[in-house]
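Trainee: Please take a close look at the ligand site and describe what surrounds it. After that, say something about the salt bridges as well.

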Amino acid sequence: MAGPLNPRRIALLGATGSIGSSALDVIARHPDRFAMHAVSARSRVPELLAICDRFRPDVAIVSDESSYASLRDGLKDLGLPTEARSGAGALDEIAASDDNDTVIAAIVGAAGVASTVAAARAGKRLLLANKESVVLAGAVLMRAASANNARIMPVDSEHNAIYQCMPGDGSREGVRRLLLTASGGPFRGRSRASLANVTAEEACAHPNWVMGRKISVDSATLLNKGLEVIEAHHLFGLPADRIEVVVHPQSVIHSLVDYVDGSVLAQLGNPDMRTALAYGLAWPERIDSGVAPLDLAALARFDFEPPDLQAFPGLGLAFDALRAGGTAPAILNAANEVAVAAFLEGRLPFLGIPDLIEATLAAQAIEPAADLGVLLASDREARRRAGELLRKMGIQ
Ligand code: NAD
Ligand code: MG
């Protein structure tokens with residue numbers, strides 16, 4: 001067990017992001033429990049250097065090769081012994097390295113899939129925030145984790161809540177349904193027609209959570225909840241018809257497990273990802289995360305409503321992809337990544353996001369998800385097709 005004599009050695013992939021900084025905040029509170037082995041970023045060298053200066057990791061990685069020299073020189077200027085590395089291959093090596101026992105997968109998008117799977121194959125404790133890798137390669141990832149005794153700790157607030165509410169023996173005994181809560185995002189209650197001209201800034205203004213831009217747009221389209229339904233299917237082994245979504249605008253009940261005897265267990269807390277990260281880092285112990293205690297009287301009320309599938313068709317598309325199985329979720333995820341990038345750059349209207357996903361799914365044959373190679377090929381093909389569909393729509 002981690003403690004003063006035997007700290008957990010952490011590799012934090014995606015250290016400069018929103019989840020990355022929440023993880024650093026929790027880790028900094030417990031210097032006796034956690035030691036930083038490696039940190040990574042795509043290309044933000046100044047932020048990565050500041051993290052290295054504070055946390056003194058053995059290794060720092062920039063995935064973008066062209067940022068290598070400035071990382072290496074910056075580390076030298078700071079007088080740090082941290083070794084600079086670069087490229088996607090360096091991420092996979094660190095995820096698999098024996099020099100750490102805990103990998104925090106906090107990269108955004110399918111760019112995180114190889115390192116996430118590498119950590120599972122290496123039998124790590126895997127704090128899994130990178131939900132796109134579960135959507136893309138869920139079956140492969142779960143098989144790799146179970147074959148190599150990797151412990152996956154979900155770091156999505158919903159899945160972390162469900163993990164805490166599931167039977168303690170790791171079974172699904174007596175579980176009737178999983179109930180995923182959704183905030184409804186910044187456009188909750190709006191009609192489809194009123195969403196035609198919303199901007200990236202409006203979509204990223206989430207009412208309860210401060211997050212990276214990609215997941216913020218996903219929350220606005222409800223595609224985030226769709227990705228989470230697929231994620232829940234893989235993590236907890238329940239079919240689509242036993243996973244339900246309920247909108248809960250306060251984001252305090254993080255999700256619920258409904259048992260056959262009528263008991264419904266929920267996990268509550270202030271909307272702050274440090275709770276899920278502290279849980280995953282210290283399990284089976286509990287440690288301070290810095291999150292303020294919940295004040296129920298100040299909250300006064302909880303509201304619930306069904307999701308609006310007319311205004312937010314992304315959720316329905318994700319359920320359809322889960323039911324279709326095979327490579328369908330990988331295609332859905334890839335098309336969504338292309339669509340969200342185009343929307344954030346102001347090239348694609350908001351309602352074009354689910355339209356592009358639907359068109360990409362219609363254009364590409366679904367195959368059995370035989371192995372990671374098939375899934376990655378399907379991801380690449382879907383990106384190519386989605387790009388082509390955008391060009392046909394006159395969007396460059
Ligand atoms: P973010 O955009 O704030 O940070 C992403 C991190 O990944 C950064 O460190 C960035 O440098 C790195 N990165 C981006 N593209 C990369 C690439 N191509 N190769 C290597 N590294 C790359 O994102 P975030 O909000 O922290 O989300 C990270 C993941 O966690 C996402 O999968 C998201 O869905 C999930 N998640 C986030 C939250 C949240 O509150 N932010 C909650 C639940 C789940
Ligand atoms: Mg979530």
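Mentor: A polar contact is a pair of N or O atoms within 3.5 Å. The model is predicted, so local features need pLDDT of at least 70 and side-chain atom pairs pLDDT 80 or more, while totals for chains, interfaces and linings use all residues. Residues are numbered from 1 along each chain, chains are lettered from A and ligands numbered from 1 in the order written, and side-chain values use heavy atoms, without hydrogens and water.

Three backbone contacts involve oxygen atoms of ligand 1. A polar backbone atom of Gly14 is 3.3 Å from a ligand oxygen, and one of Ala129 is likewise 3.3 Å from an oxygen of ligand 1. For Gly212, a backbone N or O atom lies 2.9 Å from a ligand oxygen. On its own, ligand 1 has 830 Å² of accessible area (Shrake-Rupley, 1.4 Å probe), and the protein covers 87% of that area. Helix H1 (18-28) and helix H6 (131-147) are the elements that give two or more residues to the shell; helices are DSSP runs of H or I with at least four residues, strands E runs with at least two.

There are 23 residues around ligand 1, counted as near if a heavy atom lies within 4 Å. Thr16, Ile19, Arg42, Glu132 and Gly212 come nearest. By class, the shell has twelve nonpolar, seven polar and four charged residues, with Gly counted as polar. Domain 1 (8-155) and domain 2 (156-323) both contribute to the shell, so ligand 1 lies between them; the bounds come from an automatic or database assignment.

As for salt bridges (a side-chain nitrogen of Lys or Arg within 4 Å of a carboxyl oxygen of Asp or Glu), the structure holds 30. One of them pairs Asp101 with Arg8 at 3.3 Å, N to O. Asp101 sits in the loop between helix H4 (88-96) and strand S5 (102-105), and Arg8 in strand S1 (residues 8-13), so the bridge ties together parts 93 residues apart in sequence. Arg8 is buried at 16% relative accessible area, whereas Asp101 is partly exposed at 32%; buried means under 20%, exposed over 50%, partly exposed in between (1.4 Å probe, protein chains only).

Another bridge joins Asp288 and Arg29 at 3.8 Å, N to O. Asp288 lies in the loop between helix H11 (274-282) and helix H12 (296-299), and Arg29 in the loop between H1 and strand S2 (34-41), 259 residues apart. Both partners are partly exposed, Asp288 at 46% and Arg29 at 36%.

How values were computed
Polar contact = N/O pair within 3.5 Å; in protein donor to acceptor, adjacent residues only side chain to side chain.
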